[in-house]
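This report describes a few local features of one chain, beginning with a single residue and moving on to the packing of helices. Please keep the sequence and the 3D view at hand while reading.

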Amino acid sequence: MGFQRKYLLKYLSILSYVLKVCFNKSNSIIVLKNVLHDLKVRIIFGSETPYKCLPDNILEKLLTKSYDSKTILKHSLQIHKCLFVSQDTLTKLKLNNMQWILVNVITTNASSRNIPMLYYNRIIVLNSFKESECLLTSSNLFNLCNYSYSCKVLMLRIIKPVMDYEPKMSQKALICLMKPLVFNEATQVLLDKVLYSYFSLQKFVSVGDVLPIELNKCSPEAQYLLKPMNNSVLYIKIIELEGKNNKLSVYNCKSHFYISSLHTKLNEDKSFISTYLPMEKVYGINNLKNLNINNYNDYILNTIPDGMNNEGKLLVSWIKPFIRQKNFDFSLLKPVFLVYGINGCGKELLIKSVSRYLGLRYIPQCCYDWPTNNISQFKKKIEYFFDNLIKMTPCLLHLENIEALCLSSSNDSEQELLDIFMSQIYIKTFKPIIIIASTNSKEEISPIFLRIFLQCQKIGDLNKINREQLFKWILKRDSIILDSTMIKKIIDHTSSFHYINYMTLLLLSAKHHMSTNNKKSTSIILDESDIMTSIEKINKMFTKSIGAPTIQTVKWDDVGGLINVKEEIMSALKPSKRNMRRSGILLYGPPGTGKTLLAKAVATEYKYNFLSIKGPELLNMYIGQSEANVREVFNKARTAAPCILFFDELDSLAPKRGQNGDSGGVGDRVVSQLLTEMDGMTSGNQQIFVLGATNRLDLIDSALLRPGRLDKSVYVSGCNDTESKLHVLKALTKKFHLYSNVNLGHLIDNLPEQVTGAELYGMCHNAWLNCARRVIQQRNKQINDNQCVADENLMVTEDDFMKALNESFPQN
């Protein structure tokens, strides 16, 4: 239709006259309604424009960089009622900068006969902006969609009004707040203060708008005092507006007004907000110091953390069918899910991110706050909690530590707790309550409670790619700059780290940097020493927390001789070009040859955690407990990866099957469990190296020695030649103060032909003791003769060694 906008009203009046002449009254009304319907639905005089949602803080920063504060105040520019475009787009649309326009959305639900609602927005030009998309906030898009997620928005439709528009001031406004779960008079005072501060400058709103209020700006102390808010944003909804408005009947448009705490009477609706919230698929980082129109994408972060996308998308796919249903009876099927993983793996971060991504209010609740030892108190508390929760639908309820509901002493009481809990979650609601329970271990939940969950999701160990993505996500969120080489090195040394470990790493690194440099600065540049020192601290804390033994620092230089054995172990730990490496090595040989010392040296040199297991300590008299002990050991090793798992006296733990005389077959079951656990280590992202040590290779079950388990057996012999004996003696005496007459070669000539490292250690130990006794006797004699001379060093002489040699090897 080739009419101009300024002739739209004249065209409609002429059309109405023609229809009355050509048709009777009833038919003309029908035709006219269809024509008007087509005009309103299709809005043929509008322009379709692509869009992009940006975080609020980024758009606000871009606005302040393009316009000064005086211009922003003069025109009452607010990001939630503005569309930001380039100058080329504005020219193409034939509009003026800061002009009031009408906007609606084009959705996938194109067959709907509902007349689309139009909303007034200002169109703003951003300086140096070149993109064709129209920028807006997620809250603005949410309001344009009429608070519905039943369809996907494809494009924005921008319409130039037939008449100039200037909004009026509303005399009275009714507002509803998203109140916290715990609400009292002190909370009301804080909320009033937040509202007064937010509306101190006039805001342009319409009925039904859902608007976010940043507590940091309006009342910084409110985000700490309004508990449990768990969010720095407070949402409000405009319920009713009163005032004179120049609304055009041509458009299906809501009434829009300015409201201000100085000119508008603000009334608060005491009811709770029962609406979805704007979906935040991305958000902006806090540090926007160097942001500009050309690099704003570098400051945008995905709401669901990188590295945990698979788990996040799976949770989103579970929840979406429940939040997109209309007129669904949620008492028939409740969305109850379980997320489990070790402590610190990021369960809370993931669930909270999913709630922001889907536009659901996040409400956490720790199950330990509900007393399960008293059924009547538990019933009252949970009924009171869910009575308040129903008012806040739709929402996402995060039940932390769900295992607290499974601590009853009897099955009857546990079933009673479950019945009370089920009676509350199956209360009929018109909007969904998404329930996600979390726990550290799925085994801690009884089978009775596991039946209520529709789906269960485990947050397991992260592979190298996911760890790198998560670590970069954390660095970007916290505005920490590290070069790619340093990031790669950190990822290589943190194979078992999760979200909380990386957060602790950055915190300890910052503390170490400040303590060593003694400089007061707001910006900190972390170096390699800060990072590596913090990694060692975290590994030590973790080793202590899982009960792993603290081993002494043993270097390769401390292990004398055994050159071939060292090379074999190093080649096994170093992956090949095709990422192939051995899963384990068995060290066998006579006692005292240095098998345990080698294992400690490997753990020290490669900075691995070290778990030392004596074979007999895993055996237990109770049925099934020995196998459980084996499983627990390997679970600790997986948690502590990269880890050296050292089995000493392996022949007592894994003897040949079928030859034991125990009536219950405990030994055979332990061997089978050990084989099963070792097979599971070669899959996935496990960095666990198994070292076994034994004096009797012939007693070990042959299945343990096949490739993929302990696939290499290395014989650790004693010292047979002069060179190996000399290496061991140098390693043992490197911390001694030797007298000038000490000749290690002469000592070697007096040693037996076959000697072990333990025997040489005992000889050197006795030599030092002989030196200490000799010095003490000399000191006592000098004290008696009043001729005491201070001498801090104990000089071990050759006579001390020869005396110790005769004591250790009396046959010589």
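Leaving aside its neighbours within four places in sequence, which residues is Cys345 in contact with? The model is a predicted one, and in it Cys345 touches Met308, Ile459, His498 and Tyr499 once those sequence neighbours within four places are set aside.

**Around Cys345**

Cys345 belongs to the loop that runs between strand S17 (336-340) and helix H11 (347-358). Its relative accessible area is 3%, and because residues under 20% count as buried, Cys345 is classed as buried. Cys345 and Ile500 are separated by 155 residues in sequence, yet their C-alpha atoms lie 6.5 Å apart in space.

**Helix H17**

Tyr499, one of the contacts of Cys345, is also one of the buried residues of H17, a set made up of Tyr499, Tyr502, Leu505, Leu506, Leu508, Ser509, His512 and His513. Helix H17 covers residues 499-517, and at 1.5 Å a residue its 19 residues should span 27 Å; the C-alpha atoms at its ends are 27 Å apart, so the expected span and the model agree.

**Helix H15 and its two partners**

Helix H15 (residues 464-477) packs with H17 and with helix H16 (residues 484-492), and the geometry of the two pairs is set out below.

| Helix pair | Axes come within | Crossing angle |
|---|---|---|
| H15 and H17 | 10 Å | roughly 45° |
| H15 and H16 | 10 Å | roughly 125° |

Because an angle that is neither roughly parallel, roughly antiparallel nor roughly perpendicular counts as oblique, H15 and H17 are described as oblique to each other, and the crossing of H15 and H17 is right-handed. On the H15 side this contact is made by Arg467, Leu470, Phe471, Trp473, Ile474, Leu475 and Arg477, while H17 contributes Tyr499, Tyr502, Met503 and Leu506.

H15 and H16 are likewise oblique to each other, and H15 passes H16 in a right-handed crossing. Here the residues in contact are Lys464, Arg467, Glu468, Phe471, Lys472 and Leu475 of H15, which meet Ile487, Ile490, Ile491 and Asp492 of H16.

**Helix H3**

Which residues of helix H3 (residues 56-66) are buried? They are Asp56, Ile58, Leu59, Leu62, Leu63 and Ser66. Viewed down the axis of H3, these buried residues fall within an arc of 165°, and they therefore line one face of the helix.

Methods. Residues numbered from 1 in each chain as written. Predicted model: local features only at pLDDT ≥ 70, side-chain atom pairs only at ≥ 80, totals over all residues. Heavy atoms only, no water. Buried < 20%, exposed > 50% of the residue type's maximum accessible area, 1.4 Å probe, protein only. Helix = DSSP H or I, 4+ residues; strand = E, 2+ residues; numbered from the N terminus. Arc of directions from axis to C-beta. Contact = heavy atoms within 4.5 Å. Expected span 1.5 Å × (residues − 1). Axes fitted to C-alpha atoms, helices over the stretch in contact; angles between N-to-C directions. Parallel < 35°, antiparallel > 145°, perpendicular 65-115°, else oblique. Left-handed = near helix turned anticlockwise from the far one by under 90°.
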